[in-house]
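Student: I am new to this structure and would like a close look at one part of it. Could you take a single helix, follow what it touches, and then show me how the surroundings are built?

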Amino acid sequence: MAIKKYAFIIEKLPYKSETSRLALTHAIASQTVEIYLDDGDNVEPVIAFIGEGVLNCLKDQKALDIYGVTSLEMHIKNALLLDLRVLVCKEDLEKFGLTEDQIVMDAEELGAEITTEVVPYEQIHQEMESADHIMFF
Amino acid sequence: MGKLTIGCFSSLVGSMTLDFAVKLAEAAVKKGHEVDLWLSGNATMLGKTRQSKFRDYSYLAGTVEELIKTGKFQITICEACAKARGIDKEDTMEGVNIHSMDWYLASAFSADRVFHIGGE
């Protein structure tokens, strides 16, 4: 029986490419990975937004209205609903002049019980240090 | 011998990243290791059948076919990414698997090393 920690680190901009979307969909796929694993084995995901990647977390995204595709905001909310830890780099958020009021901090309307954590980069670094695998997007 | 899981998200045409991933897989298989190659996003096009060889574009289908024959190499494309691009089972080369994203995470679980090679 083993639990392996995967750190999904997202540095790419939203919508410019498919990359950050793939990061979130792969992270969410951790919820069904058990079907391929031995009893008791599982994956513990943590998602962290750093650098320009913090812009994926902006509130009130209109991707569905404009492009007809699910927004990254919706994917982040789904991750929170599934109890995936979502971290946002505090320093990078400040670098863009953003505050917690401007990013997705919860998914209460969906029934999510956990919230986004805005943390210093040092903590994200520690998460990477303690991860078995780092998926860098 | 170990198991290597490589995830690649870059397009076959327009980037050399997928070339690197396949060369890495080839080198590992030659050393006796097992390799799982996961292709997501635009990288799924490597699984397509009827690829043509032009000198101006990367051509990896031949190498992939040889690698599959070794029995030490699995190539798997992301089901949703492929379907979104109009790639179904009948459009893929023989020996190319199609799975959902959790398969990649499971492959990484049992790998000795994981190389996650980014997107565009």
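Tutor: Contact here means heavy atoms within 4.5 Å, and with that cut-off in mind we can begin with helix 1 of chain A, remembering throughout that this is a predicted model.

Within its own chain, helix 1 (residues 19–28) of chain A has helix 3 (residues 72–81) of chain A as a partner, the two axes coming within 10 Å and crossing at roughly 20°. Angles under 35 degrees count as roughly parallel, and helix 1 and helix 3 of chain A are therefore roughly parallel to each other. Their crossing is left-handed. On the side of helix 1 of chain A, the residues that meet the partner are A:Ser20, A:Arg21, A:Leu24, A:Thr25 and A:Ile28, while helix 3 of chain A brings A:Leu72, A:His75, A:Ile76, A:Asn78 and A:Ala79. Sorted by class, this contact of helix 1 with helix 3 of chain A holds five nonpolar, four polar and one charged residues.

Helix 1 of chain A also reaches across to the other chain, where it packs with helix 4 (residues 101–109) of chain B at an angle of about 70°, the axes lying 8 Å apart. Because angles of 65 to 115 degrees count as roughly perpendicular, that angle makes helix 1 of chain A roughly perpendicular to helix 4 of chain B. From helix 1 of chain A the contact draws on A:Leu22, A:Thr25 and A:His26, and from helix 4 of chain B it draws on B:Met101, B:Tyr104 and B:Leu105. By class, the contact between helix 1 of chain A and helix 4 of chain B has four nonpolar, two polar and no charged residues. A:Thr25 appears in the contact with helix 3 of chain A and again in the contact with helix 4 of chain B.

We can now widen the view to the whole meeting of the two chains. The contact takes 25 residues from chain A and 22 residues from chain B, and the chains bury about 1800 Å² between them, 69% of it on carbon and sulfur atoms. A:His26, which we met in helix 1 of chain A, together with A:Tyr36 and A:Met135 supplies 31% of the area that chain A buries against chain B, more than any other three residues.

A:Met135 leads us into the sheet of chain A, since A:Met135 lies in strand 5 of chain A, opposite A:Phe8. Strand 1 (residues 3–10) and strand 5 of chain A run parallel and are joined by four bridges. The sheet is open, with five strands in the order 4-3-2-1-5 and parallel pairing. Strand 4 (117–119) and strand 5 (133–136) of chain A stand at the edges with a single partner strand each, so one side of each has no neighbour in the sheet. From one strand to the next, the twist averages 25°. Helix 5 (residues 121–130) of chain A lies across strand 1, strand 2 (42–49), strand 3 (85–89), strand 4 and strand 5 of chain A, and runs at about 135° to strand 3 of chain A.

Chain B, for its part, has an open sheet of five strands with parallel pairing, in the order 4-3-2-1-5. Its edge strands are strand 4 (96–99) and strand 5 (113–117) of chain B, each pairing on one side only, and the twist averages 20° from one strand to the next.

Technical notes. Residues are numbered from 1 along each chain as its sequence is written. Chains are lettered from A and ligands numbered from 1 in the order in which they are written. This is a predicted model: local features need pLDDT of at least 70, side-chain atom pairs count only at pLDDT 80 or more; totals for chains, interfaces and linings use all residues. Side-chain values use heavy atoms; hydrogens and water are left out. Axes are lines fitted to C-alpha atoms, for helices over the stretch in contact, and angles run from 0 to 180 degrees between N-to-C directions. Helices (H or I, at least four residues) and strands (E, at least two) are DSSP runs, numbered from the N terminus. Angles under 35 degrees count as roughly parallel, over 145 as roughly antiparallel, 65 to 115 as roughly perpendicular and the rest as oblique. A crossing is left-handed if the near helix is turned anticlockwise from the far one by less than a right angle, and right-handed if clockwise. Ala, Val, Leu, Ile, Met, Phe, Trp, Tyr, Cys and Pro count as nonpolar, Asp, Glu, Lys and Arg as charged, and the others, Gly among them, as polar. Two strands pair if DSSP finds at least two bridges between them. Buried area is the accessible area (1.4 Å probe) that two parts lose on being put together, summed over both.
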